[in-house]
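Thanks for making the time this morning. I would like to walk you through one model, starting from a single residue and working outwards, so please have the structure open while I talk.

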Amino acid sequence: MMIEDTEIDLVLNDLFELYGYDFTNYARASLKRRISRLFILDKFPSFAEFRYRIKSDSNYLKRVIEGLTVTVTEMFRDPLFYKALRTEVVPALAAKPFIRIWHAGCSTGEEVFSMAIVLKEANLLHKTLLYATDLNPEVLEKARRGIFPLVQMKQYSENYIESGGKNDFSAYYTAQYGQVKFDETLAEKMIFSTHNLVSDRSFNEFDLVLCRNVLIYFDKNLQERTLNLFDESIGTLGYLALGSKETLNFSTIKPKYKQLNKEKIWRKIS
Amino acid sequence: MAENKLENTCKAVIIGGSAGSIEVLLKLLPALNPGLSFAIIIVLHRKNSTDSSLADLLSTKSTMLIREVEDKNPVTPGVIYLAPADYHLLIEKEEVFSLDDSEKVNYSRPSLDVAFESAADVYGSALVGIILSGANADGTAGFNTIKKAGGTLIAQKPETAQSSFMPQQAILHAPVDFVLDVPEMAAFINSITTAN
């Protein structure tokens, strides 16, 4: 059962007018599916009641934002991508006196911790700052704690090794009660903050911007706006990294960038 | 049964399958006429390997262009699209693909139900859905959505499928229009070209 397109418009309008969250340029097919899913999961008898709840109950908003945004992530996701980071990007950053990295749409932070491990192993973490942003303050709170479920560590450890990691992955965390807490020295160089790619601006210049599997949820116009925001935030010879099925091909910034290899990493050449 | 021919115009054929469906495609694709006037969209359950060569393998069997979908690729007639592993495949109203890495549906990503429902929403009666061999019931709910939107449903003849469960579920629980073996399926798809 799908909610009608006109009803989706009403919900999006309410979220913007009442709470300032602007989803109108999100990819509609996915958004429609997620709103319909929320409607069914929470067993609303009618659309009118669903809408009333959103409008009248600001606590329910948390649930809506959580339901509309996808927070799926993992450590060393796409291991060959991380291998390319290790072998091609990190060595090029090593000569800099100071390294700034931005994880845009970092969700619960698994990829930020992965990056910190890569930098630590290259002996560069001490001179790096990792900015990690998301529109959702709830996921940032989780990221800040650096606590992840123990059951996922087997997969993450395999990913880590496939990415070229040489250490014992379990040395990076301590396990307790089905959770693991990552070494606090990894988090020392992380700065977490809310940032909305729809409405907020560039806030610094970076050597590497990572935004993986976030643009797939945007329509082409919002993708273009976001890529321009990244372009403003990347210094010459800096890098942009996207998700495995995302591309610069439809963007006006493409001519300024050169793709490194078949992984989705581009270098700003002009 | 009515003649195996489509009455509606057709903008896309969406094919879903799981275990045993690659073998079917290796027979079906070479039998298709080049220059089809609609897109073919293939959604398969497959293992998420970092270096997938399925699109390359299928390309050796067809003179048509076969592309693994990247986000926001336009849906172009005459092209065969393959859903990438580990993403749900959706279609936008302006006929571009959107990918989605949210939670699995029916233990699957891509899920046939998700892709079928999205395609039905965009193409309505101009959509043909096909379910091939497979060992779970993903696709049946999506089949019902396609029919509700006026589309046409085809299931692989279960006795010709390596895993008959998936087409059987579709036949039992959705108003399937045609139950076809692989040569009949190819003839059906080719006849759509000439009909338009």
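Let me begin with a question: does K43(A) count as buried or exposed? K43(A) counts as exposed, because it has 7 C-beta neighbours inside 10 Å; the cut-offs are that a residue is buried if 20 or more other C-beta atoms lie within 10 Å of its own, exposed if 12 or fewer, and partly exposed in between, with C-beta atoms placed from the backbone.

Before going on, a word of caution and of bookkeeping. This is a predicted model, in which local features need pLDDT of at least 70 and side-chain atom pairs count only at pLDDT 80 or more, while totals for chains, interfaces and linings use all residues. Residues are numbered from 1 along each chain as its sequence is written, and chains are lettered from A and ligands numbered from 1 in the order in which they are written.

Back to K43(A), which sits in the loop between α2 and α3 (47-56) of chain A, where helices (H or I, at least four residues) and strands (E, at least two) are DSSP runs, numbered from the N terminus. Its phi is near 55°, a positive value in a residue other than glycine. N213(A) also has a positive phi, of about 60°, although it is not a glycine. Most residues other than glycine have a negative phi, and most peptide bonds are trans. N213(A) lies in the loop between β7 (206-211) and α10 (220-233) of chain A, and it counts as buried because 24 C-beta neighbours fall inside 10 Å.

Now to the helix that K43(A) follows. α2(A) has 14 residues and reaches 20 Å from its first C-alpha to its last, close to the 20 Å expected at 1.5 Å a residue; that expected span is 1.5 Å times one less than the number of residues. Among the buried residues of α2(A) are R28(A), L31(A), I35(A) and F39(A). What covers the buried residues of this helix includes α1 (5-19), α3 and α4 of chain A, together with β5 (88-91), β6 and α3 of chain B.

That brings us to the interface. How many residues of chain A are in contact with chain B? In chain A, 19 residues are in contact with 19 residues of chain B, two residues being in contact if their C-beta atoms, placed from the backbone, lie within 7 Å. On the side of chain A that touches chain B, the elements giving two or more residues are α2 (28-41) and α5 (79-93) of chain A, and the largest share, four residues, comes from α2(A). By class, this side has ten nonpolar, three polar and six charged residues; here Ala, Val, Leu, Ile, Met, Phe, Trp, Tyr, Cys and Pro count as nonpolar, Asp, Glu, Lys and Arg as charged, and the others, Gly among them, as polar.

Stepping back to chain A as a whole, we find ten helices and ten strands, and 43% of its 270 residues count as buried. Domain bounds come from an automatic or database domain assignment, which gives domain 1 (5-68) and domain 2 (79-268). The C-alpha centres of these two domains of chain A lie 29 Å apart, and their contact takes nine residues from each of them.

Finally, chain B. UniProt, in an unreviewed entry, places the feature "active site" at S18(B), H45(B) and D138(B); its positions are given in the numbering used here, feature names are shortened, and annotations may be inferred rather than shown by experiment. Although spread over 121 residues of sequence, these three cluster in space, with a largest C-alpha distance of 9.6 Å. H45(B), in the loop between β2 (39-44) and α2 (54-59) of chain B, is buried, with 24 other C-beta atoms within 10 Å. Leaving aside its neighbours within four places in sequence, H45(B) is in contact with S18(B) and S108(B). D138(B), in the loop between β7 (127-131) and α4 (140-148) of chain B, is likewise buried, with 28 other C-beta atoms within 10 Å. Not counting residues up to four places away in sequence, D138(B) touches five residues, namely N106(B), S108(B), S111(B), L112(B) and D113(B).

One last backbone detail: a cis peptide bond joins R109(B) and P110(B), with omega about 10°, and P110(B) is found in the loop between β6 (97-100) and α3 (112-123) of chain B.
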